[in-house]
Amino acid sequence: MKNSRFNVFVRENNGNELVYNTLRGSISRVNPELAQLLKSKDLAPLNNSSLVGLVEDLKEQGILIPPRLDELEEYAQMHRRWKEGRENVEFNALLTYDCNFECPYCYQGRGEKGQQIHGFKSMSPELLGATKKFIKKTTANRGARKLELVLYGGEPFLPGAREMGRELTEEVSEWARKNNIAFGLHVLSNGSLIDENIVQWLSGYRTRLQIPIDGDPEMHNKYRFYKEDRRGSFEDIARVLGMTRGTDVETHIRISLTDETYPTMERLLDELKSRDLNHVYPDFCYITSFTNACADFESHTLSDLKLFRIMPELWRKAHERGFPLDIRPQVQPLPCSSVADGSYIVDAFGEVYKCWELVGLKEHMVGRIDFDGNLEKTAVYEDVLERNPVNIEQCRKHAYLPSCGGGCVCKAQWQSKTYHTPGCGTEKYLLKDKIKVYTETLDLTDKPTTQAGSFRLQKIEGRQQPKMSHCYVLV
Ligand code: SF4
Ligand code: SF4
């Protein structure tokens with residue numbers, strides 16, 4: 001047997017170490033003696049009959065593996081399966097570029113820039129029809145068993161877009177039901193136009209709803225205001241969050257961290273808690289200025305290093321106040337759906353993109369749908385899909401690879417003008433903190449501990465099924 005190349009060690013304050021295996025997703029706690037042995041190349045001390053049970057546990061957690069197992073090849077195969085896989089399809093419908101807000105960091109462009117880039121265009125009825133055909137045709141041709149629909153914009157609940165989103169969802173979900181295909185709905189909205197009826201409708205689909213909040217009421221109102229009268233939206237959003245309490249809507253708030261917002265975060269958490277809104281997942285996120293549309297916001301973005309010092313403390317503070325957290329590291333065959341063959345973003349012009357952040361930028365357009373619901377691909381399509389982190393020098397050598405999937409393709413583009421370089425992001429800086437804080441949130445009293453000689457191992461969580469994460473920039 002040998003050590004897995006994908007063991008990541010995280011030191012705890014008491015000298016013990018957590019071992020997270022990025023390919024298997026297991027979490028274990030080992031004492032300093034065992035940690036030292038596992039980090040060394042010489043595993044001979046484990047060849048002792050009194051340690052058989054311990055060795056079995058280490059194998060079960062994927063920390064020790066058979067001598068000839070090529071784990072990089074195993075990851076490469078998993079990556080390929082998920083990239084080309086036909087099981088799942090994901091369709092993102094950008095129903096309109098129009099919005100009733102005018103947030104300063106909007107990556108799609110606001111004001112005059114928005115006018116130049118997309119003219120606040122909404123889908124036409126013909127394009128909506130073509131999108132429905134495209135979704136059904138593609139799902140059927142691929143023989144997919146699971147279909148996810150994402151509604152977003154602009155603002156998907158603006159009058160006009162709202163009716164289209166409803167029609168699209170109801171028709172596609174009904175078609176999926178008849179064809180025995182599982183259906184899931186995600187919605188990204190600024191929240192301002194959601195009412196009780198919409199919440200009930202979303203609840204019927206067990207929707208994952210994401211609404212941005214940018215800090216305490218004062219700060220949020222500075223960033224997220226109505227275009228028409230510049231009135232802040234905090235009160236309206238808080239009311240909508242209250243409507244989702246006790247429903248089947250899984251509500252996430254996307255909290256943007258900038259130099260201005262992050263000092264107000266504790267006040268925000270207290271404010272939400274005092275309003276009994278701690279059923280929502282607080283997702284602390286990046287604000288980027290990758291695209292020209294939001295380049296003038298660059299001075300407010302935080303450096304990666306600063307951002308990643310702040311986040312673990314915010315998770316702890318949110319946990320202390322009883323908020324659910326979505327921070328468990330995952331085994332990720334792909335960084336996000338942008339490199340999956342069966343994933344598409346259709347915008348209000350019928351143009352198709354792969355990455356949320358690159359929507360509307362013609363040089364990143366991967367195709368266009370026609371009115372019969374067929375996709376005419378551009379050369380960019382294959383270029384994006386060719387991205388394979390196993391072929392990227394830094395990624396193939398890095399133990400983090402299965403937990404980041406090679407990072408954000410958009411970031412790679414932004415930094416190196418190609419899709420084929422590392423796009424190191426949250427995992428690179430935060431993986432160890434995620435493991436640590438996630439473990440702190442668990443009750444470990446009933447987790448089994450194996451003591452053998454001077455070695456001790458606690459199995460905190462076993463192997464996990466791979467999962468594709470949401471875009472970490474936007475969701
Ligand atoms: S993207 Fe960065 S963090 Fe991820 S494997 Fe590649 S080099 Fe490592
Ligand atoms: S994670 Fe990066 S590559 Fe993936 S959709 Fe988001 S911005 Fe695009």
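Student: Which residues of α5 meet α6, and what makes two residues count as being in contact?

Tutor: Leu128, Thr131, Lys132, Ile135 and Lys136 in α5 meet Met164, Glu167, Leu168, Glu171, Val172 and Trp175 in α6, contact requiring that the C-beta atoms, placed from the backbone, lie within 7 Å. The residues of this contact comprise 6 nonpolar, 1 polar and 4 charged, where Ala, Val, Leu, Ile, Met, Phe, Trp, Tyr, Cys and Pro count as nonpolar, Asp, Glu, Lys and Arg as charged, and the others, Gly among them, as polar. This is a predicted model, in which local features need pLDDT of at least 70 and side-chain atom pairs count only at pLDDT 80 or more, whereas totals for chains, interfaces and linings use all residues. Residues are numbered from 1 along each chain as its sequence is written, while chains are lettered from A and ligands numbered from 1 in the order in which they are written.

Student: Why is the arrangement of α5 and α6 called roughly parallel or antiparallel?

Tutor: Helix α5 (residues 125-142) packs with helix α6 (residues 161-178) at an angle of about 25°, their axes being 11 Å apart. Because angles under 35 degrees count as roughly parallel and those over 145 as roughly antiparallel, with 65 to 115 roughly perpendicular and the rest oblique, α5 is roughly parallel to α6. The crossing of α5 past α6 is right-handed.

Student: What is unusual about the backbone at Asn180, and where is this residue placed?

Tutor: Although Asn180 is not a glycine, its phi is positive, at about 60°, and Asn180 lies in the loop between α6 and β8 (182-188). Before α6, in the loop that links β7 (146-152) to that helix, is Gly154, which is joined to Gly153 by a cis peptide bond with omega of about 25°.

Student: How do you know which residues surround ligand 1?

Tutor: A residue is near the ligand if its C-beta atom, placed from the backbone, lies within 6 Å of it, and of the 14 residues around ligand 1, Cys395, His398, Gly407, Cys424 and Lys428 come nearest. Helices α13 (393-396), α14 (401-404) and α16 (426-440) each supply at least two residues of this shell, helices being DSSP runs of H or I with at least four residues, and strands runs of E with at least two. By class, the shell has 7 nonpolar, 5 polar and 2 charged residues.

Student: How is the chain divided into domains?

Tutor: The domain assignment gives domain 1 (2-69 + 445-461) and domain 2 (71-441), whose C-alpha centres lie 36 Å apart. Their contact takes 16 residues from domain 1 and 16 residues from domain 2.

Technical notes: Axes are lines fitted to C-alpha atoms, for helices over the stretch in contact, and angles run from 0 to 180 degrees between N-to-C directions. A crossing is left-handed if the near helix is turned anticlockwise from the far one by less than a right angle, and right-handed if clockwise. Domain bounds come from an automatic or database domain assignment.
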